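Dear colleague,

I am handing over the structure below, together with some notes on what turned up in it. Please read them alongside the coordinates when you have a moment.

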Amino acid sequence: MIAPIQLSAKGDTVRITITGGDLTARIEITDPAVASRFEIWSGPGTSSNEAQGLNVDWSQGVVERPKGLQIYQVSFITKRRDSGTYVVRYAIDASTNRGYVYLPGKADAGYQDNVWLIYRGVEGNWFRAWSEWEKLAHPLIAKARNAH
């Protein structure tokens with residue numbers, strides 16, 4: 001008897017890294033229980049189309065590009081063996097403590113790998129960050145900034 005092999009297009013987020021901006025060292029979120037809360041396969045372009053997912057509050061829609069802020073690169077590393085990393089840009093407005101997420105567009109680094117994993121149809125835009133992401137990321141970024 002031959003059993004069919006189940007293939008999954010998805011893979012859980014197992015690690016998240018934050019680099020760039022004014023950070024002196026890479027931030028690594030390695031606890032799988034924490035990392036898995038920020039699922040790549042959520043929001044636009046998915047069958048469930050959640051209002052909040054990845055690190056974005058999709059319900060807020062597209063927002064204007066934030067001006068004059070430090071931009072960080074956030075990489076969501078999955079269990080996938082082939083092109084298993086999804087990359088976004090992240091900025092924090094210190095005056096409001098609000099976070100903003102940019103999904104790379106066609107001319108940006110990371111676009112090809114991202115859309116290989118999932119095409120959302122909203123690439124190349126800024127969005128408000130999900131409050132759960134802000135609660136996790138903001139203290140980590142603040143601590144890494146002050147670790148000079």
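Which side chain does that of R26 meet in a salt bridge? In this predicted model, the partner is E28, with an N to O distance of 3.6 Å. R26 counts as exposed at 51% relative accessibility, whereas E28, at 37%, is partly exposed. The two residues also belong to a network of salt bridges that includes R15.

The structure holds 7 salt bridges, and two others bring together separate parts of the chain. The side chains of D12 and K79 meet at 3.7 Å, N to O, and this pair joins the segment before strand 1 to the loop between strand 6 and strand 7, 67 residues apart. Of these two, D12 is partly exposed at 39%, while K79 is exposed at 55%. R37 forms a salt bridge with E132, their closest N and O atoms being 4.0 Å apart; because R37 lies in the loop between helix 1 and strand 3 and E132 in helix 3, the pair ties together parts that are 95 residues apart in sequence. R37 is partly exposed at 42%, as is E132 at 26%.

Turning to the interior, the largest nonpolar core has 33 residues, of which I18, F76, Y86, Y90, L103, W133 and I141 touch the most other members. Among the elements that each supply at least two residues are strand 1, strand 7 and helix 3, and helix 3 gives the most, with 5 residues. Leaving aside residues up to four places away in sequence, L103 touches, among others, L54, W58, Y86, V88 and F127.

Best regards

How values were computed: Residues numbered from 1 in each chain as written. Predicted model: local features only at pLDDT ≥ 70, side-chain atom pairs only at ≥ 80, totals over all residues. Heavy atoms only, no water. Core = buried A, V, L, I, M, F, W, Y, C linked by side-chain atoms within 4.5 Å. Buried < 20%, exposed > 50% of the residue type's maximum accessible area, 1.4 Å probe, protein only. Helix = DSSP H or I, 4+ residues; strand = E, 2+ residues; numbered from the N terminus. Contact = heavy atoms within 4.5 Å.
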